[in-house]
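Work through the exercises below with the sequence and the model open. Try each task before reading its solution.

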Amino acid sequence: MTTQTILLVEDDVIARKQQAKLMKSYGICEQADDGKQAVEAFKAGINSGNPYDLISLDLMMPVMDGFQALLTIRDLEREYNILPADGVKIILITSLGDENNIQEAFDEGCTAYVGRPVTAEKIAATLTKLGLL
């Protein structure tokens, strides 16, 4: 398995540290505090020739929420002529388990959904489903 480059986007420091601990065996983890930082990191990755393989994206964040970050990232991929099949895999992480939020996220280009609490088992199953393991 090649080393994955993962961006963890979470405004809660404790939750972000927990995710980093769960994800570190799957690749190199970088972190962002909000959606705006995530978009900036995503764009920097593309421009440097080292795009992210996976983004773990919290839904509820200050500055720019997960929905807006998701839309902006997908818009950037189109701008850079990245085909949907070659785009970054985005896992939405949230405690908002209602079907409307989940469906909206998938409609906007989310690749997978993991409800809180995030566990090692949920992460492994999701990464396997996405073909990243």
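The exercises cover a pocket, a buried acid, salt bridges and two spacings in this predicted model.

**Exercise 1. Which residues line the largest pocket, and which helix gives the largest share of the lining?**

Step 1. Take the size. The largest pocket has a volume of about 150 Å³.

Step 2. List the lining. It consists of Arg74, Glu77, Arg78, Ile82, Pro84, Ala85, Gly87, Val88, Lys89, Glu108 and Thr111.

Step 3. Sort by class. There are 5 charged, 4 nonpolar and 2 polar residues.

Step 4. Assign the helix. Helix α3 (residues 66-79) supplies the largest share, 3 residues.

**Exercise 2. Where does Glu108 sit, and which side chain of opposite charge is nearest?**

Step 1. Place Glu108. It falls in the loop between α4 (99-107) and β5 (112-115).

Step 2. Look for a partner. Glu108 is buried but has no salt bridge. The nearest side chain of opposite charge belongs to Arg74, 9.4 Å away.

Step 3. Check contacts. Leaving out residues up to four places away in sequence, Glu108 touches Phe67, Leu70, Leu71 and Arg74.

**Exercise 3. How far apart are the closest N and O atoms of Glu77 and Arg74, and are these residues buried or exposed?**

Step 1. Take the distance. The closest N and O atoms are 2.8 Å apart, and the pair forms a salt bridge.

Step 2. Place the pair. Glu77 and Arg74 are 3 residues apart in helix α3, so about one helical turn separates them.

Step 3. Apply the cut-off. Buried means under 20% relative accessible area. Glu77 is at 4%, so it counts as buried. Arg74 is at 11%, so it is buried too.

**Exercise 4. What are the settings of the salt bridges Arg78–Asp75 and Glu40–Lys36?**

Step 1. Take Arg78 and Asp75. Their side chains meet at 2.4 Å, N to O. Both lie in helix α3, 3 residues apart. Arg78 is exposed at 54%, and Asp75 is partly exposed at 40%.

Step 2. Take Glu40 and Lys36. Their salt bridge spans 4.0 Å, N to O. They are 4 residues apart in helix α2 (residues 35-48), so the separation is about one helical turn. Glu40 is partly exposed at 45%, as is Lys36 at 44%.

Step 3. Set the total. The whole structure has 6 salt bridges.

**Exercise 5. How far apart in space are Lys21 and Lys36, and Asn101 and Ile90?**

Step 1. Lys21, in helix α1 (residues 13-23), is 15 residues from Lys36 in sequence and 23 Å away, C-alpha to C-alpha.

Step 2. Asn101, in helix α4, is 11 residues from Ile90 along the chain, with 15 Å between their C-alpha atoms.

Methods. Residues numbered from 1 in each chain as written. Predicted model: local features only at pLDDT ≥ 70, side-chain atom pairs only at ≥ 80, totals over all residues. Heavy atoms only, no water. 1 Å grid on protein atoms, 1.4 Å probe; cavity = no way out; pocket = protein on both sides within 12 Å on 5 of 7 lines; lining within 4 Å. Points joined across faces, edges and corners; volume = space filled by probe spheres on them. Helix = DSSP H or I, 4+ residues; strand = E, 2+ residues; numbered from the N terminus. Nonpolar A, V, L, I, M, F, W, Y, C, P; charged D, E, K, R; others polar. Buried < 20%, exposed > 50% of the residue type's maximum accessible area, 1.4 Å probe, protein only. Lys, Arg positive; Asp, Glu negative; His and termini not counted. Contact = heavy atoms within 4.5 Å.
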